[in-house]
Amino acid sequence: MSSSPAIRTEALTKHYGDVRALVDLDLEVIPGEVFGFLGPNGAGKTTMIRTILDEIRPTSGRASILGMDSHQDAVEIRNHIGYVPGDLAMYPNLTGRDTLTYFANLRGGVDWGFVDQLADRLDADLSKKVGDLSSGNRQKVGLIQAFMNKPKLLIMDEPSSGLDPLVQREFQRMMRQVAGDGRTVFLSSHTLSEVQRVADRVGIIRHGKLIAVEEVASLRSKAIRTVNLIFDTEVDGGVFEPLPGVRDVTVENHHVTLSFDGRMETLLNAVSERYSLLDITTHEADLEEIFLTYYEEADA
């Protein structure tokens, strides 16, 4: 595994006239992780990707990929990455296999046995012309071309577009396997459920500014849970309200509902000292709720 960051940006900035598409973006993506890059459409995700790939030049700042300067070493970088752009375009008169052959020749050849494995996993028909494929099936060809040379780094912009749920799950397994090999995935998406399933860390971007970088596990641990507790007797809500992390306590006879952002062990120990607990259920905030919280804080 390389000791250099898979991606590093330093004060990366891109303006289009008066529009500040990227503002002083500082980011490091670690080798061997799946990094989710989250933000709504127009937040700056695609601009960041196109800038680090030298498709557009930054207004200021710099970027490196796999320890190489993204501008000076742009050609060499292409030998070590797989890329799925958000506006994937392919020759409509070529079949899927012809398309992959074209990309394979650019890269000096690939293991066609591995290509066939990828096609099987994604249920891709490579015999049809690309122009005759649905958008989801065209996306499968795009994913295969990104994965097929086993790149050190995969950069993908909204890669699940058009994929059905079963194919999405297989694609998520493929991303985790890449990370398991010590290689890296940079996944730009506004599909929060997908990022939640596969990412180790996430960066949240808003109006071109990186407003948070967090481990997914850490985000979940910070999330407020809704906890429902059922006891064998009536309970006093005043027992719960002083506990750290507890808020919004509602009591109805034997049933207590509260919001909680502390350690469950602390809550359960305090409860079991006073009452006999019959049942407990919790609902954890998902990444979407956490994501919206960050956006509300940024607006505050």
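The following exchange concerns helix packing and the largest pocket in a predicted model.

Modeller: Local features in this predicted model need pLDDT of at least 70 and side-chain atom pairs count only at pLDDT 80 or more, whereas totals for chains, interfaces and linings use all residues. Residues are numbered from 1 along each chain as its sequence is written, and side-chain values use heavy atoms, with hydrogens and water left out.

Colleague: Why is helix 3 called oblique to helix 4?

Modeller: Helix 3 (residues 96-106) and helix 4 (residues 112-122), both DSSP runs (H or I, at least four residues, numbered from the N terminus), pack at an angle of about 135° with their axes 12 Å apart. That makes helix 3 oblique to helix 4, because angles under 35 degrees count as roughly parallel, over 145 as roughly antiparallel, 65 to 115 as roughly perpendicular and the rest as oblique. The axes are lines fitted to C-alpha atoms over the stretch in contact, and angles run from 0 to 180 degrees between N-to-C directions.

Colleague: What makes the contact of helix 3 with helix 4?

Modeller: Arg 97, Leu 100, Thr 101 and Ala 104 of helix 3 meet Trp 112, Val 115 and Asp 116 of helix 4, contact meaning heavy atoms within 4.5 Å. These residues divide into four nonpolar, one polar and two charged, where Ala, Val, Leu, Ile, Met, Phe, Trp, Tyr, Cys and Pro count as nonpolar, Asp, Glu, Lys and Arg as charged, and the others, Gly among them, as polar.

Colleague: Why is helix 4 called oblique to helix 6 as well?

Modeller: Helix 4 and helix 6 (residues 165-180) pack at an angle of about 140°, with their axes 9 Å apart, and that makes helix 4 oblique to helix 6. Their contact includes Leu 118 of helix 4 and Phe 171 of helix 6, and by class it has five nonpolar, one polar and three charged residues.

Colleague: Which residues of helix 5 make the contact with helix 4?

Modeller: Lys 140, Leu 143, Ile 144 and Phe 147 of helix 5 do so, and the contact has eight nonpolar, no polar and one charged residues.

Colleague: Which element gives the largest share of the lining of the largest pocket?

Modeller: Strand 6 does, with three residues. The lining has 15 residues, of which Arg 78, Tyr 83, Phe 103, Arg 107 and Gln 145 lie nearest the centre of the pocket, and by class it has nine nonpolar, three polar and three charged residues.

How values were computed
Helices (H or I, at least four residues) and strands (E, at least two) are DSSP runs, numbered from the N terminus. On a 1 Å grid over the protein atoms alone, a cavity is a set of points where a 1.4 Å probe fits but cannot get out, and a pocket is an open set with protein on both sides within 12 Å along at least five of seven lines; lining residues have an atom within 4 Å of a point.
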